[in-house]
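Here are a few exercises to work through with the structure open beside you. Try each task before you read its solution.

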Amino acid sequence: MKLLVIAALLAVAAARPQDPAYDPAEELRAAGIVRMDMVQNDDGSFQYGYETAGEGQESSQDVSGRPEQIGEEVGIVSQGTYSFVARDENGNEVPVTITWRAGPEGVVMEGAAIPVAPEDPNKAAQDAAYAAAALV
C-alpha cells in the first residue's frame, strides 16, 4: 500500500507542467528579497545575510560567527550589522544601521540610533564612597 501511495505521488509530481523559464530567484525578488546567502563551514564558523528592497521597506543584515574558547567552554563569538528604514517624528525616512558584537564581554552595540544614558551626576560621590568602604 505504501509503495502505491509513493508511486502515485511521484506520478503527480512528474505530470506537473514544467516551466523551463522558472527561476526560483525571481520568486525571491518578487517577495522583495534581492540578496540572500548563507555559509556554514566545517570548523563551525558561519556567515549569512540578506537584503530586501521596496519603497521604504529596505533592510539588510550580515552576520558572521566562529567557535571560540571562553573560559572552560567553547562558545560562539559573532558579529554583524543590520540596517532598516525608520520614520522620524515628522514622517521622514531615516536610515538606521546598527553594528554589534556578541562574545565573552556580552553584547556590544553601536549606532547613532542607540540612545545614550546621561552621565550620572552622583558618580564621583559614589566612587569616593565605594573607595572609602573598601579601606574599612
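The protein has three helices and six strands in its secondary structure. Please keep in mind that this is a predicted model.

**Exercise 1. Lay out the fold.**
Task: In what sequence do the elements run from the N terminus on, and what is the order of the strands in the sheet?

Solution:
- Start at the N terminus and walk along the chain: the elements run α-α-β-β-β-β-β-β-α.
- Now look at the sheet. It is open, has six strands, and its order is β1-β2-β3-β4-β5-β6, with antiparallel pairing.
- β1 and β6 (106-110) stand at the edges with a single partner strand each, so one side of each has no neighbour in the sheet.
- From one strand to the next, the twist averages 15 degrees.

**Exercise 2. Follow the bridges through β2.**
Task: How many bridges join β1 to β2, and which residue is the bridge partner of D37?

Solution:
- Take strand β1 (residues 33-40) to begin with: seven bridges join it to β2, and the two run antiparallel.
- Within this pairing, D37 has G49 of β2 as its bridge partner.
- Five residues lie between the two strands of this hairpin, and G44 takes a positive phi near 95 degrees there.
- Next, go to strand β3 (residues 59-70), which pairs with β2 in the antiparallel sense over seven bridges.
- Here G49 turns up again, with D62 of β3 as its bridge partner.

**Exercise 3. Place T52.**
Task: Is T52 buried or exposed, and which residues does T52 touch beyond four places away in sequence?

Solution:
- Find T52 in strand β2 (residues 46-52).
- Its relative accessible area is 18%. Buried means under 20%, so T52 is buried.
- Leaving out residues up to four places away in sequence, T52 touches G32, I33, V34, Q57, E58 and S59.

**Exercise 4. Do the same for S78.**
Task: In which strand is S78, and what separates the C-alpha atoms of S78 and G103?

Solution:
- S78 sits in strand β4 (residues 73-87).
- S78 counts as buried, at 12% relative accessibility.
- Along the chain, S78 and G103 are 25 residues apart, and their C-alpha atoms are separated by 6.7 Å.
- Beyond its neighbours within four places in sequence, S78 is in contact with F46, S64, G65, W100, R101 and A102.

**Exercise 5. Classify the aromatic pairs.**
Task: How many aromatic pairs are there, and what are the distance and plane angle for the rings of F46 and Y48?

Solution:
- The count comes to two aromatic pairs.
- For F46 and Y48, the ring centres are 6.3 Å apart and the planes are at 15 degrees, so this pair is stacked.
- F46 counts as buried at 19% relative accessibility, while Y48 counts as partly exposed at 34%.
- For Y82 and F84, the ring centres are 6.3 Å apart and the planes are at 10 degrees, so this pair is stacked.
- Y82 is partly exposed, with a relative accessible area of 27%, and F84 is partly exposed with 34%.

**Exercise 6. Step back to the whole chain.**
Task: What share of the residues counts as buried, and what share of the accessible surface belongs to carbon and sulfur atoms?

Solution:
- The protein has 136 residues, of which 14% count as buried.
- Its accessible surface comes to about 10,800 Å², and 60% of that belongs to carbon and sulfur atoms.
- Among contacts with a separation of 6 or more, 17% come from residues 24 or more positions apart.

Terms used:
Residues numbered from 1 in each chain as written. Predicted model: local features only at pLDDT ≥ 70, side-chain atom pairs only at ≥ 80, totals over all residues. Heavy atoms only, no water. Helix = DSSP H or I, 4+ residues; strand = E, 2+ residues; numbered from the N terminus. Buried < 20%, exposed > 50% of the residue type's maximum accessible area, 1.4 Å probe, protein only. Contact = heavy atoms within 4.5 Å. Pairing = 2+ DSSP bridges. Areas by Shrake-Rupley, 256 points an atom, 1.4 Å probe, with all protein chains shown as cover. Axes fitted to C-alpha atoms, helices over the stretch in contact; angles between N-to-C directions. Phe/Tyr/Trp six-rings, centres within 6.5 Å; stacked < 30°, edge-to-face > 60°.
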